[in-house]
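Work through the exercises below with the structure open. Try each task before reading its solution.

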Amino acid sequence: MKVRLLTIGKDRSGLYEPAVQEYARRLGHYTRFELVELTEASGKKLKPGDAKAAEAEAILSKRKPQDWVIALDERGSLLDSVELSRYVGKAQTGAKDLLFVIGGDEGLDSSVRDAANLTLSLSKMTLPHRLARVVLVEQLYRAFTILKGEPYHK
């Protein structure tokens, strides 16, 4: 199984990237993990809707046939950590790869949400998309420790 996190843009602040890298390193004990950062389309002087559509095209071009696509969006389902681990376990059992998608400043285009196998919300609160990366990667690490029966999740 492979888990990919596809995001729009990079963390230029330096605040979140160390945490993402730490959890990515930890995830490497359980699965192949890859962070894929796509260029923001907003810098190309497009209208916000056009930028989202261009980003959606780039995102969907990275999808592979064996991927279960999980779009992160505030309108998505709220899962607790155990429920997320069950979802990850189903993907493992079904020989599926997981492709998590976090949009840019404007969020995800509806075409990405429509193409997703699951639309997931990390919180009812609005999170900066770079902070959402940290939360998601930590929760993925937690999901794998739950599946292995390890004590990280108490």
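**Exercise 1.** Which residue is the bridge partner of Ile70 in strand 5?

*Solution.* Find Ile70, then look across to strand 5: the partner is Leu118. Strand 3 (residues 67–78) and strand 5 are joined by five bridges and run parallel. Strands are DSSP runs of E with at least two residues, helices are runs of H or I with at least four, and both are numbered from the N terminus. Two strands pair if DSSP finds at least two bridges between them.

The model is predicted: local features need pLDDT of at least 70, side-chain atom pairs count only at pLDDT 80 or more, and totals for chains, interfaces and linings use all residues. Residues are numbered from 1 along each chain as its sequence is written, and side-chain values use heavy atoms, with hydrogens and water left out.

**Exercise 2.** Write down the strand order of the open sheet and name its edge strands.

*Solution.* The five strands are ordered 2-1-4-3-5, with parallel pairing. The edges are strand 2 and strand 5 (118–121), each pairing on one side only. From one strand to the next, the twist averages 30°.

**Exercise 3.** Describe how strand 1 connects to strand 2.

*Solution.* Start with the pairing. Strand 1 (residues 2–8) and strand 2 (residues 32–38) are parallel over seven bridges. Ile8 stands opposite Leu38 of strand 2. Now add helix 1 (residues 17–27): with the two strands it makes a right-handed β-α-β unit. Right-handed means that, with the strands pointing away from the viewer, the path from the first strand over the helix to the second runs clockwise.

**Exercise 4.** Check the length of helix 5 against its expected span.

*Solution.* The expected span is 1.5 Å times one less than the number of residues. Helix 5 (residues 129–148) has 20 residues, so it should span 28 Å. Its end C-alpha atoms are 29 Å apart, which agrees. Next, check its cover: 15 of the 20 residues of helix 5 are buried (under 20% relative accessible area; exposed is over 50%, partly exposed in between; 1.4 Å probe, protein chains only). After helix 5 comes Gly149, with a positive phi near 70°.

**Exercise 5.** Is Ala95 buried or exposed?

*Solution.* Locate Ala95 in the loop between helix 3 (81–93) and strand 4 (97–102). Its relative accessibility is 63%, so Ala95 counts as exposed. Then read the backbone: phi of Ala95 is near 55°, a positive value in a residue other than glycine.

Definitions and conventions:
Axes are lines fitted to C-alpha atoms, for helices over the stretch in contact, and angles run from 0 to 180 degrees between N-to-C directions.
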